[in-house]
Amino acid sequence: MSTSLVSCSGSEPSPRQTLVSQARLDEATLRVLTFKARLGLLDGPLAGSGELGDHRELARRAAAASLTLLENPRGTLPLKGGRVLVTGPAMDSAALQLGGWSVNWQGVGRGNVKDVPRVSTLAVALKAGAPAGVTVSALPESKRPALLTAANQADTVIVALGEPPAAEWEANNPRLSLPAEQVTLLRDLMGTGKPVVAVLMAGRPIVLPADLRDELAALVMAYLPGSEGGAALADALYGRAGFPGRLPFTWPDTAAQAGLTADRPPEGAGEAPQPLYPMGYGLDYTTFAARGLTATASAAGVTLSAELSNTGSRAGTATFLVRAGLPPGGALQAVARPVAALQAALKAGETRRVTVTVPGERLQSWGGDVFGPGRWQPLAGAYRFSVGDARAEVTLP
């Protein structure tokens with residue numbers, strides 16, 4: 001039987017510790033090949049470049065579906081006309097749009113990737129897609145005197161901000177803050193008195209100084225929008241599309257709230273500070289309502305049905321997070337937990353009933369002492385579901 005020598009250190013390996021039999025390697029290889037065969041990956045010859053023909057359109061749709069509008073108090077968005085100035089480190093950056101663990105461990109843009117992917121960036125997309133009556137110019141933040149002069153002459157300023165691409169410990173940001181130079185840029189632009197729209201490209205919530213956040217004309221969370229993020233953002237900012245995205249996490253008001261992972265404290269834990277934006281939060285160019293929620297138990301879980309209505313004057317996508325309040329379980333758990341979502345693309349004034357089944361495993365609780373034996377299991381009792389302002393209750397045995 002032949003053997004292979006495997007060593008993970010620079011020192012001379014011990015044969016007793018590092019000899020792996022050929023049979024053991026064959027066994028591991030067979031498991032991988034068997035799994036690939038079950039997936040159908042070995043059914044035909046590999047061909048092409050590995051890129052999907054419609055991958056750019058798919059990337060655009062994915063980015064558009066996630067964009068989340070957090071603030072728009074004066075209706076600055078959608079952009080209606082006039083002179084628009086776009087700036088900021090994320091306005092024309094593949095690195096910031098893609099983030100860490102894209103192409104390379106720490107992303108791109110640090111000289112670690114030779115060929116940077118072709119990316120639709122915000123500045124280019126805003127220029128290319130500007131409707132009649134809108135004039136777009138772009139200036140980098142490094143040209144500060146010229147930039148501030150242009151900002152004073154603009155009708156609206158869009159500043160694209162974000163965290164440098166990074167992953168794992170290199171992405172640590174205990175204060176959840178933007179780089180200091182970006183905060184200074186934002187402060188300088190807002191000092192002009194012109195409406196400033198901030199577009200954030202980040203994989204987590206960012207805590208902006210309260211005095212700046214409260215004076216923004218609009219705030220858009222773009223997350224890490226990928227290769228077609230610029231095109232998707234341009235469509236939303238110009239009003240050709242809306243903002244169907246909703247926050248997938250709780251957005252703290254301060255860095256001290258970073259551990260606030262649920263929107264309400266656990267049962268029996270007393271009061272807790274409320275976040276700046278709760279999980280599931282998001283605005284759009286129209287308004288929505290959820291009514292007539294029903295809940296029916298079945299072997300598969302609980303089926304929920306609600307009427308979603310577009311109560312505004314524009315078409316849009318209604319997106320509502322479904323929360324479930326579980327029976328007391330004897331251990332601390334959030335008062336309400338997100339378990340599903342209801343969504344429908346609706347015309348102005350349209351109402352549609354939407355149904356979703358929540359699998360039983362999403363309604364399980366941990367039974368037993370936290371330091372002792374236990375297991376996830378459903379609890380008998382009343383389960384209270386909420387979708388927007390609509391409520392429904394069902395009792396499980």
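**Tour of the core and two helix pairs**

Start with the largest nonpolar core, which has 38 residues in this predicted model. Select Leu-77, Leu-122, Leu-126, Ile-158 and Leu-237, the residues with the most contacts inside this core. Next, colour the elements that each supply at least two of its residues: strands S4 (82-87), S5 (134-138), S6 (156-162), S7 (196-201) and S8 (218-221), together with helices H4 (94-98), H5 (122-128) and H9 (229-237). H9 gives the largest share of the core, five residues.

Now centre on Leu-77. Leaving aside neighbours within four places in sequence, Leu-77 is in contact with Leu-69, Asn-72, Val-197, Ala-218, Val-220, Leu-237 and Tyr-285.

Keep H9 shown and add helix H3 (residues 55-66). H3 and H9 pack at an angle of about 50°, with their axes 8 Å apart. H3 is therefore oblique to H9, and their crossing is right-handed. To see where they meet, select Arg-60, Ala-63 and Ala-64 in H3 and Gly-229, Ala-231, Ala-232 and Asp-235 in H9. Sorted by class, this contact has four nonpolar, one polar and two charged residues.

Last, show helix H6 (residues 144-153) and helix H7 (residues 180-190). The angle between H6 and H7 is about 40°, and their axes are 10 Å apart. H6 is therefore oblique to H7, and H6 passes H7 in a right-handed crossing. On the H6 side, the contact is made by Arg-144, Leu-147, Leu-148 and Ala-151; on the H7 side, select Thr-184, Leu-185, Asp-188 and Leu-189. The contact of H6 with H7 has five nonpolar, one polar and two charged residues.

Notes:
Residues are numbered from 1 along each chain as its sequence is written. This is a predicted model: local features need pLDDT of at least 70, side-chain atom pairs count only at pLDDT 80 or more; totals for chains, interfaces and linings use all residues. Side-chain values use heavy atoms; hydrogens and water are left out. Axes are lines fitted to C-alpha atoms, for helices over the stretch in contact, and angles run from 0 to 180 degrees between N-to-C directions. Helices (H or I, at least four residues) and strands (E, at least two) are DSSP runs, numbered from the N terminus. Angles under 35 degrees count as roughly parallel, over 145 as roughly antiparallel, 65 to 115 as roughly perpendicular and the rest as oblique. A crossing is left-handed if the near helix is turned anticlockwise from the far one by less than a right angle, and right-handed if clockwise. Contact means heavy atoms within 4.5 Å. Ala, Val, Leu, Ile, Met, Phe, Trp, Tyr, Cys and Pro count as nonpolar, Asp, Glu, Lys and Arg as charged, and the others, Gly among them, as polar. A nonpolar core is a set of buried Ala, Val, Leu, Ile, Met, Phe, Trp, Tyr and Cys residues joined through side-chain atoms within 4.5 Å. Buried means under 20% relative accessible area, exposed over 50%, partly exposed in between (1.4 Å probe, protein chains only).
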